[in-house]
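Ready to work through a protein model by hand? Grab a pencil and try each task before you read its solution.

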Amino acid sequence: MTLSDAIRFYAATDVGKVRKHNEDNFLVDKKLSLFIVADGMGGHAAGEIASAIAVRTVHEEVRREKELLDDYASAATGANKVTRKDIVALIEHAVQRACSKIHADALTDPNKRGMGTTLSVLLAVGDQGFIAHVGDSRIYLMRGGQVQQVTEDHTVLNELIKRGKLTREQIDKVQQKNAITRAVGVYERVEVDTLVLDLIPGDILVLASDGLHGYLETTEELKSALALEGGDSVKALIDLANGRGGKDNITTVIVKVGEEGSGDPQLAKRLALKRDVLANMPLFARLTDRELLRVMQAVHVRECQDGEVVIREGDKGDELFIVLEGKVRVSRGDQTLTHLGRGEHVGEMALIRSVPRSASVTAVGPAELIAIRRSDFFEILRKEHEIAVKMLWQFLGVLADRLDHTSSELREMKREFAAEDMSAEIFPEVEVELPPPPSITR
C-alpha cells in the first residue's frame with residue numbers, strides 16, 4: 001500500500017461575512033487522490049464560473065489518464081515506464097486546458113470578459129505529491145511540527161518584495177498590493193508553477209484561498225487547527241478567517257498523509273539530510289525553502305559500492321556529484337589528490353559544458369551521492385527565472401573562488417622558482433688556468 005492510499009481529507013468553503021456569493025470552488029477525489037482549490041475573479045458571477053470550469057476541467061483531464069497514474073504508482077518496469085516528468089506534464093497540461101476553456105468561454109459573453117481564477121492542485125501518486133499552481137491561493141506543508149509555504153504568490157506585492165523594491169514596513173502603503181500577476185483563463189495560456197514533494201507518513205498539506213491565508217499572521221497559526229481531529233480542523237480555520245473580518249470567500253482543503261511514525265523513521269531523516277546538504281552547498285546557498293524543494297525534485301541519489309568508479313578521468317560527463325554519505329577519492333593517474341566527505345562536491349563544470357573529466361572519482365567504502373544532470377539543471381534555469389539568477393551568480397562565485405585558489409598556487413610556485421639558487425654553494429666554481437696558445441710559425 002502506498003501513502004496515497006492512506007490519505008484522509010477534510011474540506012470546507014464559506015462565503016464569508018461581506019461577499020454575497022461564493023466565487024471559490026474546490027474538489028476532492030479520493031480515488032484519484034486529487035485535491036483542488038480555485039478562487040475566481042470577474043464581475044456578474046463570472047469568477048464563480050471560471051473557478052468551476054477550472055476545477056471540472058482539471059478533474060476530467062487527470063481522470064482520463066488514470067491508467068498512467070496507476071502505472072507510475074506501481075513502479076511499472078520496461079521501456080515505457082512512466083516517469084515523474086510524465087506526471088508533471090499531465091497536471092500542467094490539465095491546467096492549460098482549463099485556461100484555454102475559460103478564455104474561450106469569456107470571449108462568447110461580454111459579461112465574462114477578463115474572468116479568471118487562481119488554481120492550486122495537489123495530486124498524490126504513490127509516495128509523491130505533484131503540485132500545479134497559479135495565482136495567490138496557497139499550499140502549505142506541515143512536517144515534523146514545522147509549517148512552510150510550498151507555493152509562491154503570484155501577486156504585485158510579492159514581485160516587489162522579491163525584487164527588493166519594497167520593505168515589509170512599506171507593505172501597508174501599497175495600493176492594489178493583492179492584485180495577482182497570473183491567473184487561469186485571462187489569457188489563452190498561463191505560466192504554471194510545478195513542484196514534486198516526497199511524502200512521508202504524518203505529512204499534512206493545506207490548500208487555502210486568500211480569504212483564509214490573508215488573515216494568517218504567521219504560518220505557525222495553522223498548527224493548532226491542524227492538531228484537531230476530523231472536520232474540526234477546517235471549521236477552526238474558517239472560524240479564524242471569519243473572526244478576523246471574513247472580507248472574502250474562505251476555502252480550505254486539509255490532506256493528512258498516513259499516520260506520523262507509521263513509516264520508515266529513517267526516511268524523514270534522509271530527506272532532511274538531503275535538503276541540508278544541498279542548502280549548505282555554495283551553488284544553492286541563497287535559495288529559499290521553496291526553491292530548494294524545486295531543486296530537490298531535479299536530483300537523484302546514486303548508491304555506490306566500495307571501489308566503484310563514479311567519474312573516470314578523460315571521459316565526458318554531464319553530472320555534478322555531492323557526497324551524501326560515505327567518502328570518495330579524487331585521483332589523477334596513480335596520484336590521489338584528495339578525499340571528499342559529506343556535503344563536498346565534484347564535477348560542477350559538467351553542468352555548464354561537456355569537457356573531458358580532469359580526474360577520476362572512486363567510492364571509498366559504500367557511499368551515496370546526490371547527482372544532478374546538466375539537462376535537469378538547464379530545465380530549472382529555463383523555467384525558474386528567480387532560481388536561475390541566484391544559481392548563476394553563485395556559480396560565478398564558485399568559479400571566482402577556484403580562480404583565486406589557482407592564482408594563489410601559481411604565485412607560490414613562482415616564489416619557489418625565484419628562491420635563492422643554492423647550486424653555487426654546493427658546486428663552487430673552480431678557476432682553471434689555461435695554457436698559452438701555441439705559437440704559430442709561418
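Below are some exercises on this predicted model, each with a worked solution.

**Exercise 1. Get the overall picture**

Find how many helices and strands the protein has, and what share of its residues is buried.

*Solution.* Start with the secondary structure: the protein has twelve helices and 17 strands. Next, look at burial: of the 442 residues, 46% are buried. Finally, check how far along the chain the contacts reach. Take the contacts between residues at least 6 apart in sequence; 73% of these join residues at least 24 apart.

**Exercise 2. Describe how H1 packs on H3**

Work out how helix H1 and helix H3 are arranged, and which residues make the contact.

*Solution.* Two numbers come first, because a pair of packed helices is described by the angle between their axes and the distance between the axes. H1 covers residues 46-64 and H3 covers residues 84-107; their axes come within 8 Å and cross at roughly 140°. Now name the arrangement: an angle over 145 degrees would count as roughly antiparallel, so H1 and H3 are oblique to each other. As for handedness, H1 passes H3 in a right-handed crossing.

Then list who is touching. On the H1 side, the residues include Ile-49, Ile-53, Thr-57 and Glu-61. On the H3 side, they include Leu-90, His-93, Arg-97 and Lys-101. Sorted by class, this contact has eleven nonpolar, two polar and five charged residues.

**Exercise 3. Do the same for H10 and H11**

Find the angle and the axis distance for helix H10 and helix H11, then name the arrangement.

*Solution.* H10 runs over residues 374-383 and H11 over residues 385-417. They pack at an angle of about 120°, with their axes 5 Å apart. Roughly perpendicular stops at 115 degrees, so H10 and H11 are oblique to each other. In H10, the residues involved are Phe-377, Ile-380, Leu-381, Arg-382 and Lys-383. They meet His-385, Ile-387, Ala-388, Met-391 and Leu-392 in H11. By class, that gives seven nonpolar, one polar and two charged residues.

**Exercise 4. Buried or exposed?**

Decide whether Glu-303, Glu-152 and Thr-194 are buried or exposed, and find what each one touches.

*Solution.* Keep the cut-offs handy: buried means under 20% relative accessible area, and exposed means over 50%.

- Glu-303 sits in strand S12, residues 300-304. Its relative accessibility is 56%, so Glu-303 is exposed. Beyond its neighbours within four places in sequence, Glu-303 is in contact with Glu-308, Ala-367 and Glu-368. Ala-363 is 60 residues away from Glu-303 in sequence, yet their C-alpha atoms are 9.7 Å apart.
- Glu-152 is in the loop between strand S8 and helix H4. With 15% relative accessibility, Glu-152 counts as buried. Its contacts beyond four places in sequence are His-133, Gly-135, Asn-158, Lys-162, Asp-193 and Arg-290.
- Thr-194 belongs to strand S9, residues 193-198. Its relative accessible area is 9%, so Thr-194 is buried. Outside the four-place window, Thr-194 touches Val-88, Glu-92, Ile-131, Arg-294 and Gln-297. One of these, Arg-294, is 100 residues from Thr-194 in sequence and 8.3 Å away in space, C-alpha to C-alpha.

**Exercise 5. Check the cysteines**

Count the disulfides, then decide whether Cys-99 and Cys-304 are buried or exposed.

*Solution.* A disulfide needs a pair of cysteine sulfur atoms within 2.5 Å. By this rule, the count is zero. For burial, Cys-99 has 0% relative accessibility, so Cys-99 is buried. Cys-304 has a relative accessible area of 2%, so Cys-304 is buried.

Terms used: Residues are numbered from 1 along each chain as its sequence is written. This is a predicted model: local features need pLDDT of at least 70, side-chain atom pairs count only at pLDDT 80 or more; totals for chains, interfaces and linings use all residues. Side-chain values use heavy atoms; hydrogens and water are left out. Helices (H or I, at least four residues) and strands (E, at least two) are DSSP runs, numbered from the N terminus. Buried means under 20% relative accessible area, exposed over 50%, partly exposed in between (1.4 Å probe, protein chains only). Contact means heavy atoms within 4.5 Å. Axes are lines fitted to C-alpha atoms, for helices over the stretch in contact, and angles run from 0 to 180 degrees between N-to-C directions. Angles under 35 degrees count as roughly parallel, over 145 as roughly antiparallel, 65 to 115 as roughly perpendicular and the rest as oblique. A crossing is left-handed if the near helix is turned anticlockwise from the far one by less than a right angle, and right-handed if clockwise. Ala, Val, Leu, Ile, Met, Phe, Trp, Tyr, Cys and Pro count as nonpolar, Asp, Glu, Lys and Arg as charged, and the others, Gly among them, as polar.
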